Amino acid sequence: MTVIIGLEIHCQLTTKTKLFCGCSTDYRNDPPNTHTCPICLGLPGSLPCLNRRAVEYALRVAKALNCTVLDEAEFARKNYFYPDLPKGFQITMYDRPLAVDGHLEIEADDGTEKRIRITRVHMEEDPGRLVHVGSGDRPRYSLVDYNRSGIPLIEIVTDPDLRSPKEARRFINTLRTTLEYLGVFDGDREGGLRVDANISMEGGSRVEVKNISSYKGVEKALTFEITRQRNVIRRGLTVGRETRHFLEARGVTTSARSKEEEHDYRYFPEPDLRPLRVREWGDAIVLPELPAARRVRFAEAFGVSPSHARTLCGDLKIADFFEEVAACGDPILAATWVADTLLGEVYYRDMEIARVPAGHFVELLQLLRKKEITDKGGVEVLRTILDESAKGGVPETPSAIVARLNLGKAAGDAFGPVIREVVESCPAAVQDFRNGKPEALNYLVGQAMKRTRGRADPKELARMIREAIGEPGVTG
Ligand code: ZN
Ligand code: MN
């Protein structure tokens with residue numbers, strides 16, 4: 001059964017002020033209802049004043065998603081009553097959005113590139129936020145916070161081109177990266193991205209899952225919904241057309257009251273705002289380098305492998321960090337260490353890449369490049385640096401750490417006695433190796449590693465042991 005998924009994604013744009021008033025958007029650490037004014041509270045007689053920067057940001061998004069920007073866009077009123085919407089209507093765009101017919105390339109389930117079509121991109125204002133007080137599904141009462149009311153949103157609607165929950169998640173991750181490269185979105189902001197997903201089995205009715213507010217949630221909600229719809233079909237019933245809510249904490253979707261029809265909203269052009277002439281405005285915008293172009297450049301300019309380039313460019317801050325450290329050394333070594341080692345250590349500590357001192361990292365790469373430490377020693381140096389940085393301290397330099405922990409790779413000769421000791425104390429393994437069991441060599445190398453406390457390069461130790469005991473089949 002083919003799964004058909006389309007997404008509607010709302011993203012908060014990172015302007016300094018709200019869409020129609022001068023209230024600051026930086027409300028997350030402030031008490032409720034402290035970033036409000038008559039306009040974003042929707043008081044009678046107040047008039048919206050459009051934030052030029054928000055339109056500029058939205059046009060960047062439309063262009064980066066390869067959309068056609070329309071000649072004119074027009075704000076419209078979407079009428080409905082809800083406590084988080086004190087005006088009784090949301091200012092959005094309806095039949096004249098900013099842009100239509102775009103696309104975004106993502107990695108498909110089979111690893112190839114896949115083009116996901118974008119139906120439309122439009123702007124609207126965020127409503128306020130309800131805080132339900134009480135337990136679980138039965139709140140005792142609800143509070144409303146208007147700090148979020150009037151935050152500029154961009155709504156991105158895709159065609160039903162996605163075929164699995166994993167693809168949907170990958171689309172959202174790719175979109176997030178693209179928006180961050182454009183400098184219009186902060187993916188770490190809580191509640192900055194919200195998704196409604198339309199999902200159906202081929203030939204079945206469309207179910208809309210609303211209210212998904214985390215990156216992981218999208219995949220979870222869709223996976224749940226596929227199982228649910230398959231079970232309905234298996235029992236010989238039909239999936240009804242409906243709206244469902246995703247309950248993040250329980251990982252399930254539940255039926256919501258029947259959805260309003262489009263005409264229930266009584267859309268009409270917003271009389272307090274003029275239509276916007278956006279095409280020429282859009283034409284004049286010059287986009288920064290986007291993830292796909294940066295991947296190509298990393299491969300061409302630095303010789304980075306395609307998979308490393310994908311990892312590095314998947315996050316703007318990581319790509320910038322790599323570029324900073326690659327400029328001062330061996331870019332391929334830098335790519336390997338950033339993608340394969342540093343990122344894992346950073347995620348493990350739940351720290352931001354910005355906290356990693358680039359100068360220290362470059363010095364570490366230089367020690368590795370000059371083979372003054374082994375890979376294993378390098379990891380130990382890196383962990384020491386990150387532990388200190390994560391605490392907010394100033395870490396020692398890599399050379400100081402190498403000296404203090406005695407991690408320096410001694411010259412090969414210094415290990416001669418260790419090799420002799422290992423060969424003498426493990427006659428059985430030596431004999432096994434000579435009799436043609438190559439795995440016996442790993443055991444001997446392990447013994448030598450233990451005695452050198454990781455200061456020696458395992459490849460070098462293997463070479464020295466073979467030299468000492470001879471090759472298989474040759475009697476020593
Ligand atoms: Zn305001
Ligand atoms: Mn919307």
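**Manganese site**

I began with the manganese ion (ligand 2) in this predicted model, and I found that His 10 (NE2), Glu 124 (OE) and Glu 155 (OE) coordinate the ion at 2.1 to 2.2 Å. When I looked up how these donor residues are spaced in sequence, I noted the pattern H-x113-E-x30-E. The two glutamates link distant parts of the chain, since Glu 124 belongs to strand S7 (residues 113-125) and Glu 155 to strand S10 (residues 152-158), 31 residues apart.

Are these two glutamates buried or exposed? I looked up the relative accessible area of each, and Glu 124 has 5%, so I entered Glu 124 as buried, while Glu 155 has 8% and is buried as well.

**Open sheet**

I next turned to a sheet of three strands, which is open, runs in the order S5-S4-S15 and is paired in the antiparallel sense. Strand S5 (89-93) and strand S15 (268-269) are the edge strands, each pairing on one side only. Between strand S4 (residues 75-79) and S5 I recorded five bridges, again antiparallel, and in this pairing I found Arg 77 standing opposite Ile 91 in S5.

**Salt bridges**

Side chains of opposite charge can pair when their charged atoms come close, and I therefore went through such pairs next. The structure holds 37 salt bridges, of which I wrote down a few.

One of them joins Glu 219 to Arg 169, with the closest N and O atoms 3.1 Å apart. Here too distant parts of the chain are linked, as Glu 219 sits in helix H3 (residues 215-234) and Arg 169 in helix H2 (residues 165-181), 50 residues apart. I looked up Arg 169 separately and noted a relative accessibility of 27%, so Arg 169 counts as partly exposed.

Within helix H2 I found another pair, Arg 176 and Glu 180, whose side chains meet in a salt bridge at 3.6 Å, N to O. These residues are four apart, about one turn of the helix, and both Arg 176 and Glu 180 are buried.

My last entry concerns Arg 297 and Glu 323, which form a salt bridge with the closest N and O atoms 2.6 Å apart. Arg 297 lies in helix H5 (residues 291-302) and Glu 323 in helix H7 (residues 316-326), so that I count this pair, 26 residues apart, as linking distant parts of the chain. Arg 297 is partly exposed at 28% relative accessibility, and Glu 323 is partly exposed at 21%. Following shared partners, I found that salt bridges join Glu 289, Arg 294, Arg 297, Asp 320 and Glu 323 into one network.

Methods
Residues are numbered from 1 along each chain as its sequence is written. Chains are lettered from A and ligands numbered from 1 in the order in which they are written. This is a predicted model: local features need pLDDT of at least 70, side-chain atom pairs count only at pLDDT 80 or more; totals for chains, interfaces and linings use all residues. Side-chain values use heavy atoms; hydrogens and water are left out. Two strands pair if DSSP finds at least two bridges between them. Donors are N, O and S atoms within 2.8 Å of the metal (3.2 Å for Na, K and Ca); water is not among the atoms, so sites may look incomplete. Buried means under 20% relative accessible area, exposed over 50%, partly exposed in between (1.4 Å probe, protein chains only). A salt bridge is a side-chain nitrogen of Lys or Arg within 4 Å of a carboxyl oxygen of Asp or Glu.
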